[in-house]
Amino acid sequence: NAPPNLIIKVEAEKIAGGSDPNDGYGILCRADRDENSDYSFIVGNDHVTIGKFVAGDRFKTLDSAAIPAVEANATSRLQAECSSVEGQQAVHLELSVNGNVVADATDSKDPLLTGTIELFVYTVETIEVEFDNFVVKRSSNPS
């Protein structure tokens with residue numbers, strides 16, 4: 001398991017495919033493959049989403065925004081912050097693209113408290129994404 005308060009940074013570039021509006025890529029935090037749960041920071045063709053998936057439930061969008069600044073075939077700097085707050089009774093989630101906060105949410109309904117970090121690509125069609133300069137560090141947010 002990863003520490004509870006993290007900042008995850010990565011450069012990502014969609015280099016081929018992925019014209020379907022449901023295609024996306026990004027970062028997972030507090031991912032648990034045994035429980036099939038995670039927090040997702042998703043970059044799509046013209047939007048970003050912070051969401052939560054828990055086995056047996058559907059994907060729940062916690063925040064979403066249109067961001068036309070993320071371009072195919074251009075490198076974007078992604079930063080996801082995943083921190084316990086309110087005495088570990090909630091999880092604060094924040095997604096930045098190219099230095100700008102584009103989505104922000106706090107999950108206080110059965111928050112995911114542990115798990116790992118992953119990079120992912122979700123595709124309906126064929127999509128190729130290149131990730132580079134992957135950095136994980138502890139955030140200064142208190143738990």
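The legends below describe close-up views of a predicted model.

**View A. Five strands in an open sheet.** This view takes in the 5 strands of an open sheet, which follow one another in the order β8-β7-β6-β1-β10. Pairing within the sheet is antiparallel. The edges are formed by β8, residues 100-107, and β10, residues 127-138. Each of these two edge strands has a pairing partner on one side only. On average, neighbouring strands of the sheet are turned by 20° against each other, direction ignored.

**View B. The pairing of β1 with β10.** Strand β1 covers residues 6-17 and runs antiparallel to β10. The two strands are joined by 10 bridges. Within this pairing, Lys9 stands opposite Val135 of β10. In the order of the sheet, β1 sits between β6 and the edge strand β10.

**View C. The disulfide of Cys29 and Cys82.** The model contains 1 disulfide, counting pairs of cysteine sulfur atoms within 2.5 Å. Cys29 and Cys82 form this link, and their sulfur atoms are 2.3 Å apart. The angle about the S-S bond is 70°, and the link is right-handed.

**View D. The surroundings of the two cysteines.** Cys29 belongs to strand β2 (residues 24-32) and Cys82 to strand β6 (residues 76-85), so the disulfide ties together parts that lie 53 residues apart in sequence. Cys29 and Cys82 are both buried. Strand β6, which holds Cys82, is also part of the open sheet of View A, where β6 stands between β7 and β1.

Notes
Residues are numbered from 1 along each chain as its sequence is written. This is a predicted model: local features need pLDDT of at least 70, side-chain atom pairs count only at pLDDT 80 or more; totals for chains, interfaces and linings use all residues. Side-chain values use heavy atoms; hydrogens and water are left out. Two strands pair if DSSP finds at least two bridges between them. Helices (H or I, at least four residues) and strands (E, at least two) are DSSP runs, numbered from the N terminus. Axes are lines fitted to C-alpha atoms, for helices over the stretch in contact, and angles run from 0 to 180 degrees between N-to-C directions. Buried means under 20% relative accessible area, exposed over 50%, partly exposed in between (1.4 Å probe, protein chains only).
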